[in-house]
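Open the model in your viewer and keep the selection tool ready. This tour goes from one side-chain contact to the next.

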Amino acid sequence: MCTALSFQVDNNHYFGRNLDLELSYGQQVVITPQNFSFKFREVANLDHHFALIGVASVVDNYPLYFDAANDHGLAMGGLNYPDNAYYADSISGKDNVASFELIPWILGQCATVDEAKKLLANINITNQQFSQQLPPSPLHWLISDHSDSIVVESDRDGVHVYDNPVGVLTNNPSFPKQLFNLNNYRTISAATLPNQFSAQVPLEDYSRGLGPRNLPGGMDSESRFVRAAFNKYNATWDQHDEVANITELFHVMHSVEQQSGLDQVATNPAKFEYTIYTVGYNLDKGLLYYTTYTNNQINLVNMNKVNLQGNSLTAYPFVNDQAINNVN
Ligand SMILES: C[C@H](CCC(=O)NCCS(=O)(=O)O)[C@H]1CC[C@H]2[C@@H]3CC[C@@H]4C[C@H](O)CC[C@]4(C)[C@H]3C[C@H](O)[C@]12C
């Protein structure tokens with residue numbers, strides 16, 4: 001399970017993502033500079049492209065991105081979409097892009113959601129595997145720029161590119177169903193509303209916080225979709241203060257985190273899915289902030305501190321140790 005979202009506060013643009021899983025793929029924070037050569041299976045290679053910062057497993061010097069942003073402020077995350085994702089064989093005349101190539105192919109060339117839509121117009125997401133050990137993962141993708149978001153789903157009936165007016169994505173069911181489900185929560189409110197149950201039943205406003213009481217609290221993907229959207233739209237953002245906004249972003253992301261021990265893996269009952277990492281990108285400045293399950297401190301990696309004209313990857317292992325601030 002995973003959650004991703006984007007939001008804007010005046011001239012500041014952010015993108016957040018939780019990775020919820022019971023195992024690690026050896027992921028790190030990886031910066032890909034503009035002259036790193038992206039070799040693709042069928043579409044033309046990208047020898048010169050936009051620079052990327054994100055979370056990836058590096059295998060054979062290839063960054064397999066889970067989520068990333070480019071130096072023009074476009075961000076993208078791949079989230080689990082099991083049983084629905086369907087990748088086809090190559091089709092001649094189409095842009096045949098393997099599922100694991102989609103993030104670098106889009107972020108390497110597109111500065112905006114509109115440009116991504118144009119590039120996606122002729123796509124076929126193929127079922128080629130990165131390697132025998134790494135078969136294709138069933139994913140769908142959230143793509144966001146400074147003002148818009150779209151969702152890409154490759155289903156049995158073809159590739160769909162949906163406008164995403166709320167800028168949130170979790171997992172199953174398909175995006176149109178998740179978006180429709182928000183209608184069921186239209187009376188959830190940050191304010192405590194008057195008793196509408198019946199004038200004949202004197203119900204009391206006995207506690208603060210009754211307005212959003214029926215916001216779903218579950219770890220499942222429908223609950224997280226509704227909760228992430230409500231919490232994002234009702235969060236108190238600041239026009240100017242980057243630290244305040246990043247702090248708020250991590251509160252929203254952690255409001256849909258998976259606490260370890262609560263989400264047992266059906267196929268392996270000794271394991272529990274938990275929020276391995278949370279990232280928050282500042283899309284204007286090329287910044288990647290993160291926390292991990294065992295390190296609540298916010299860590300920052302700045303893409304501009306490496307030579308973005310270079311041709312080799314820079315990888316930073318996650319800092320997983322808890323940083324306790326000793327006060328006395
Ligand atoms: C599993 C994760 C989604 C989290 C999630 O939702 N977990 C629910 C588990 S459960 O379904 O509930 O049991 C997804 C998100 C991004 C994915 C990587 C993308 C790059 C690369 C693509 C290659 O083709 C295969 C290997 C590869 C490293 C991928 C591994 C894995 O698939 C990643 C980590």
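Start with the rings: the structure holds 16 aromatic pairs. Keep in mind that this is a predicted model.

**Stop 1: Y25 and F66.** Select both residues. Their ring centres are 6.4 Å apart and their planes stand at 90°, so the pair is edge-to-face. Y25 sits in the loop between strand 2 and strand 3, while F66 belongs to strand 5, so the contact ties together parts 41 residues apart in sequence. Buried or exposed? Y25 is partly exposed, with a relative accessible area of 47%. F66 counts as buried, at 14%.

**Stop 2: F38 and Y62.** Here is another edge-to-face pair, with 6.1 Å from centre to centre and 70° between the planes. F38 lies in the loop between strand 3 and strand 4, and Y62 in strand 5, so parts 24 residues apart in sequence are tied together. F38 is buried, at 0% relative accessibility. Y62 is buried too, at 9%. Now widen the selection to F36, F40, F100 and F130. Ring pairs link these four with F38 and Y62 into a cluster.

**Stop 3: the salt bridges.** Switch to charged side chains. How many salt bridges are there? The count comes to 4. Select R17 and D67, one of these bridges, whose closest N and O atoms are 2.9 Å apart. R17 lies in strand 2 and D67 in strand 5, so the bridge ties together parts 50 residues apart in sequence. Both R17 and D67 are buried.

Next, select K117 and D163. Their closest N and O atoms are 2.9 Å apart, and they form a salt bridge. K117 is in helix 2 and D163 in strand 11, so this pair ties together parts 46 residues apart in sequence. K117 is partly exposed, at 33% relative accessibility.

Then go to K285 and E242. This salt bridge has its closest N and O atoms 4.0 Å apart. K285 lies in the loop between strand 15 and strand 16, and E242 in helix 5, so the pair ties together parts 43 residues apart in sequence. K285 is partly exposed, at 41% relative accessibility. E242 is buried, with a relative accessible area of 14%.

**Stop 4: a hairpin.** Show the backbone and select residues 264-265 and 268-272, which are strand 13 and strand 14. The two strands run antiparallel, joined by 2 bridges. Which residue of strand 14 is the bridge partner of V265? It is N268. The strands form a hairpin, with 2 residues between them.

Terms used: Residues numbered from 1 in each chain as written. Predicted model: local features only at pLDDT ≥ 70, side-chain atom pairs only at ≥ 80, totals over all residues. Heavy atoms only, no water. Helix = DSSP H or I, 4+ residues; strand = E, 2+ residues; numbered from the N terminus. Buried < 20%, exposed > 50% of the residue type's maximum accessible area, 1.4 Å probe, protein only. Pairing = 2+ DSSP bridges. Phe/Tyr/Trp six-rings, centres within 6.5 Å; stacked < 30°, edge-to-face > 60°.
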